[in-house]
Amino acid sequence: MSDAISGWHAHIYYDPAATRPVAAALREGIAARFPDAVLGRWHDVPVGPHPTAMYQVAFPAALFPELVPFIALNRAGLTVLVHPETGRQRADHTAHALRMGAVLPLDVSVLPE
C-alpha cells in the first residue's frame with residue numbers, strides 16, 4: 001500500500017460556448033485565495049484523457065483541506081475531477097480520483113499504467 005502523494009490536480013471542465021465565464025470566475029477566485037496553486041492553460045478542446053474543454057489547477061497537498069472545499073462550494077455547477085499525484089497516472093485519474101458533478105468518461109488508454 002502506498003501513501004506517497006506529491007501533490008494534487010483539479011481539472012475544471014467547462015463548455016467553451018456556454019460556461020467559460022463560470023470557469024473563469026472560479027479560476028479568478030482560486031488565484032486570489034490560493035497563490036500557491038498553479039493555474040494551467042485553458043484547453044477549449046479535449047486534451048489527453050479529458051473528454052471536454054478544461055483547465056488544470058496543480059496544488060501542494062497542504063492546500064487540499066482548504067482548496068478542495070473552496071472548489072466544491074464555488075464550482076457553480078461545473079464538473080471537476082480532483083486527483084492525487086502518486087506517479088501512477090492511470091490510477092490517479094481513475095481509482096484515486098474524486099469527482100464533483102457529472103462523472104465524465106476519460107480516455108485512459110493515453111495514460112501510462
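Let's start at one small pairing: Val80 stands opposite Met100 in β5. The model you are looking at is a predicted one, and this pair is a handy way into its sheet. Val80 belongs to strand β4, which spans residues 80-85. Between β4 and β5 there are 3 bridges, and the two strands run antiparallel.

From here we can step back to the whole sheet. It is open and built from 5 strands, in the order β2-β3-β1-β4-β5, with antiparallel pairing. The edges are taken by β2 (38-39) and β5 (98-100); each has a single partner strand, so one side of each is left without a neighbour in the sheet. Strands of a sheet pair through backbone hydrogen bonds, either parallel or antiparallel.

Now follow β4 to its other partner. Strand β1, residues 7-13, pairs with β4 in the antiparallel sense, over 6 bridges. Two positions let you check the register by eye: His11 has Leu81 of β4 as its bridge partner, while His9 stands opposite His83, again in β4. Is β4 mostly covered or mostly open? It is mostly covered, with 5 of its 6 residues buried.

Moving across the sheet brings us to β3 (54-59), the strand in which Ala58 lies. Leaving aside residues up to four places away in sequence, Ala58 touches Trp8, His9, Asp36, Ala37 and Val38. You have already met His9 as the residue opposite His83. Ala58 can also be placed relative to Val82: the two are 24 residues apart in sequence, and their C-alpha atoms are 9.7 Å apart in space.

Next, look at the helices. Two packed helices are described by the angle between their axes and the distance between the axes. Here, helix α1 (residues 20-33) packs with helix α2 (residues 64-74) at an angle of about 150°, and their axes are 11 Å apart. Angles over 145 degrees count as roughly antiparallel, and α1 and α2 are therefore roughly antiparallel to each other. In passing α2, α1 makes a right-handed crossing.

Which residues make the contact between α1 and α2? From α1 come Leu26, Gly29, Ile30 and Arg33, and from α2 come Leu67, Phe70, Ile71 and Asn74. By character, the residues of this contact divide into 5 nonpolar, 2 polar and 1 charged.

Finally, let's return to the sheet, taking in its pairing of β1 with β4 over 6 bridges. Helix α1 packs on the sheet, where it touches β1, β2 and β3, and its direction makes about 15° with that of β3.

How values were computed:
Residues are numbered from 1 along each chain as its sequence is written. This is a predicted model: local features need pLDDT of at least 70, side-chain atom pairs count only at pLDDT 80 or more; totals for chains, interfaces and linings use all residues. Side-chain values use heavy atoms; hydrogens and water are left out. Axes are lines fitted to C-alpha atoms, for helices over the stretch in contact, and angles run from 0 to 180 degrees between N-to-C directions. Helices (H or I, at least four residues) and strands (E, at least two) are DSSP runs, numbered from the N terminus. Angles under 35 degrees count as roughly parallel, over 145 as roughly antiparallel, 65 to 115 as roughly perpendicular and the rest as oblique. A crossing is left-handed if the near helix is turned anticlockwise from the far one by less than a right angle, and right-handed if clockwise. Contact means heavy atoms within 4.5 Å. Ala, Val, Leu, Ile, Met, Phe, Trp, Tyr, Cys and Pro count as nonpolar, Asp, Glu, Lys and Arg as charged, and the others, Gly among them, as polar. Two strands pair if DSSP finds at least two bridges between them. Buried means under 20% relative accessible area, exposed over 50%, partly exposed in between (1.4 Å probe, protein chains only).
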